[in-house]
Amino acid sequence: MTDPYRLPKSVKPLHYALTVKTDLDALNFEGHVTIDLDVLEETSTIVFNVADLDLDQVSLHSEALKTEQIQIAEQSFDKDLDRCTVQVATPLPAKSKAQLRVAFKAPLTNKMTGYYYSHTEIDGKKVYYTLTQFEPTDARRAFPCWDEPALKATYDITMISREGTVNLSNMPVASEKPLSKSSGEYDDSVGKLTKMFANLKTESSEGGWKITKFETTPLISSYLVAYANGPFEYIEGSYTSPISGKVRPVRMYATKEIINQTKFALDVNVRCLPLYESVFDVEFPLPKLDTLVAHDFDAGAMENWGLITGRTTAYLIDEVKSDIAAKKRVADVASHEVAHQWFGNITSPEWWDVLYLNEGFATLMGELVILDKLFPEWNAKVAFLTAHLDRALALDARRSSHPIEVPCDDAKKINMIFDSLSYSKAGSVLRMLSDFVTEEKFLKGVSFYLKKHLYSNARTINLWEGISEATGIDVPDIMDNWINKIDRVLYPQERVKKLGKQAAEANSPFAMTDRIGLISDIMLLGKSGMCRTSDGLALINEMRSETEYLVWDGIASNLGTILGVWWEMSDVVRANMNAFRQSLFSPLVKKYGYEPQPDESQDDKQLRTLAIGQAAGAEDPEVLDELRSRFKLLVESGDHSRILPDFQSTAYRIGVRYGSKAEWETAKKIFLNPPTASARTHAIYAMTATREPELIQETFKFMMTEVKTQDVLYFFLGLNSNRKTRRQLFAFFKENFDELFKRFEGTFGLGNLVKLSLKDFSAQGDLDGAIAFFKDKDTVKYSMPLEQSLDGIRANMKWLEQSNSDVIDWLESWTASNKKY
């Protein structure tokens, strides 16, 4: 049976000769592609993907028919499916070769999909550059192609660009020279372009053009093809392959004002590449690995083979001015994307329903296995629990949850499955399997899997077969329940109190991972009504002597979940909750202080950051005064020295939340001219923390008129976190829906906008309002995050209904017994 959402199987691409000319002044691009085809079945139609491109000079050639050009009887477009159908007068015979040639052009946009432009300011001047973002289905917006992951082909990529700019692609540069007036010295695609570009200035003219040819790629899926053009600079390192002894260059590219903040990411890439080669026993197959840092980027980063791309917050840190959280994020992202160079790039998913094979595995390897080898002091194996397992369980508990392997036929729906279940639950399930069979045998099985499917595609069963071969265990049978079904984690109710008391003992038999898991599980049980939420609060109350940062992080996270649902609690209840939180975290602030100590551990640094943030959120007057005084110095004199990286985010937010116009303007200045990428994000959260009505409206206006599309999500997150602006945010979202949809259509950010507009609502009126608003909308591109958000509201309402008096009574009782807070 033919799948209407998949391209016909009568032909498949073998090789692309792709030439792209980029004009950074006019902000447009044009090009020509010659695609070698293998005709598998006799056919009179050639169907390929294309979107938002103007096509010209479409021609088809057949070796078997001995004709220079086959007559095209008809050419049609299906905009809904992003397809072009070419009907030929004479059928192409089966088992023959053909060649499709197409010229194309389009404007460069800033939509962060396809081939798009980004910009920055250097020396007071706006500077443009271009890059690609093709995953999952946007290569078709850059050139005509067979845009499905299973249809791998090789690529010869040529770029024509302004002299003085740098061209990048998956492979190293094979040659680069000024563009000649004569088309005779170039191959077919470039020759056609030189005729089309007759008005281009040559090497003897001011502002001339150059032509850059790259080496041929291995077999690669279209979503992993990448290229970029702009005034890039680079820093370089290298690593020696433990398998072959070859030395490969590793580079970080960026514009000159930020290139000096890429050194840490470069170090991570250089260090983790040989580790991946060793654990997979498969050599990195490309001659180089580059990473390009972009100012406008939809996701966090993208694993394009040989040319990773990512946003500034994912790759930039200042070793002196950035906090440990920023450093961890860069290491996570860098290691995650390098993992994809094997798992996803060498062996790719056959279709997007097995996306988790890509993302779950890169999450496990990049953020646990390899990260733990690079930075053992970060305790990645335990941090993985709070970073991924809790997130996955929270989403998995909703009715709108989906199995890890999820059917996804329509390309419009693919972006929606890039969620916590494909990353966090998948990574957690793979970790369970690794623990079950042992990490050594698990990785050996992965090596078998990769070697058996080099440069090809695979499905779930293929990975299980590899691990079965390494272990002698029937992995497919074990994994069927974990992958294709939705599971729940439960403790017998009668054991909850006993477990809580044991965890709180000084010589507890519970390991750190057990203590974190216990807190999380009991809170989830409380939310489901299978125990009292106050049992979780009582457990936390008993664990105040805890010394490990990651356990405290779990405590803070679970208290934050309660605060999110009970966000409209009365002033009396809020005062009681704040007193309880102060009793937990204020002593830690006194213990660790505000200034770093010589030779302190990473755990101590992170505990200081967490404690200050939590105590400030609980409105501890001493902590608030300290932070406000430090921010005041910045406002009045521009002196940033008293706001240390460890508590920069909290100091910014508190300064603006309890300040006025001057404090908000200071945060705005930092946003516009940040000392680090993380300071820019912290400034956003500060601007959105204001409680002044006029400044709230100014923040909304600023967000829509002065902020890059990629940063709008940070503003949404901050405004949703501010209980004074949460409902205003959803009202704003509804009022500006058409404009926001236009800006975010086709990006990963669209679903996140919906989620952040509805996050933490817990009232019937909010649910009814959301349902009414979306009732007449075409939600096909965000139906999954919408349904998950509505389920989230329903779950919050149920939790609040069954546990409100329980929580209020427990807090009142605790406060009565602890008057000093």
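**Figure 1. Asp296 sits in the loop between strands E18 and E19.** This first close-up, like those that follow, comes from a predicted model. Asp296 is buried, with a relative accessible area of 0%. Look for its side chain beside that of Ser118, where the two make a polar contact at 2.5 Å. Setting aside residues up to four places away in sequence, Asp296 touches Asn110, Met112, Tyr116, Ser118, His119, Lys708 and Gln710.

**Figure 2. Five strands make an open sheet with mixed pairing.** To find your way across, follow the order E16-E17-E18-E20-E19. Strand E16 (233-240) and strand E19 (301-302) stand at the edges; each has a single partner strand, so one side of each is left without a neighbour in the sheet. Further in, E18 (residues 289-294) and E20 (residues 307-311) pair in the parallel sense over five bridges. Ala294 stands opposite Arg311 in E20. Helix H2 (residues 263-280) lies across E16, E17 (247-254) and E18, and runs at about 25 degrees to E16.

**Figure 3. A salt bridge joins Glu236 and Arg251.** The closest N and O atoms of the pair are 2.9 Å apart. Glu236 lies in strand E16 and Arg251 in strand E17, so this salt bridge ties together parts that are 15 residues apart in sequence. Glu236 is partly exposed, with a relative accessible area of 44%. Arg251 also counts as partly exposed, at 21% relative accessibility.

**Figure 4. Three strands, E3, E7 and E6, form an open antiparallel sheet.** The strands are named here in their order within the sheet. Strand E3 (43-49) and strand E6 (72-78) are the edge strands, each with a single partner strand, so one side of each has no neighbour in the sheet. From one strand to the next, the twist averages 20 degrees. E6 and E7 (residues 83-92) pair in the antiparallel sense over six bridges. For a landmark in this pairing, find Phe77, which stands opposite Cys84 in E7.

**Figure 5. Asp147 and Arg140 form a buried salt bridge within a network.** The closest N and O atoms of Asp147 and Arg140 are 2.9 Å apart. Asp147 counts as buried at 2% relative accessibility, and Arg140 is buried with a relative accessible area of 4%. Which residues are linked in this network of salt bridges? They are Asp52, Asp82, Asp138, Arg140, Arg141 and Asp147. For the wider setting, the model's salt bridges come to a count of 46.

**Figure 6. Lys661 and Glu665 form a salt bridge in helix H19.** Here the closest N and O atoms are 3.3 Å apart. The two residues are four residues apart in H19 (residues 661-672), which means that about one helical turn separates them. Lys661 is partly exposed, with a relative accessible area of 38%. Glu665 counts as partly exposed too, at 23% relative accessibility.

**Figure 7. Asn541, in helix H13, makes a side-chain contact with Trp814.** Helix H13 covers residues 533-542. Is Asn541 buried or exposed? Asn541 is buried, with a relative accessible area of 18%. The polar contact between the side chains of Asn541 and Trp814 spans 3.1 Å. Leaving out neighbours within four places in sequence, Asn541 is in contact with Phe580, Trp810 and Trp814.

How values were computed. Residues are numbered from 1 along each chain as its sequence is written. This is a predicted model: local features need pLDDT of at least 70, side-chain atom pairs count only at pLDDT 80 or more; totals for chains, interfaces and linings use all residues. Side-chain values use heavy atoms; hydrogens and water are left out. Two strands pair if DSSP finds at least two bridges between them. Contact means heavy atoms within 4.5 Å. Axes are lines fitted to C-alpha atoms, for helices over the stretch in contact, and angles run from 0 to 180 degrees between N-to-C directions. Buried means under 20% relative accessible area, exposed over 50%, partly exposed in between (1.4 Å probe, protein chains only). A polar contact is a pair of N or O atoms within 3.5 Å; within protein, one must be able to donate a hydrogen and the other to accept it, and residues adjacent in sequence count only if both atoms are side-chain atoms. A salt bridge is a side-chain nitrogen of Lys or Arg within 4 Å of a carboxyl oxygen of Asp or Glu.
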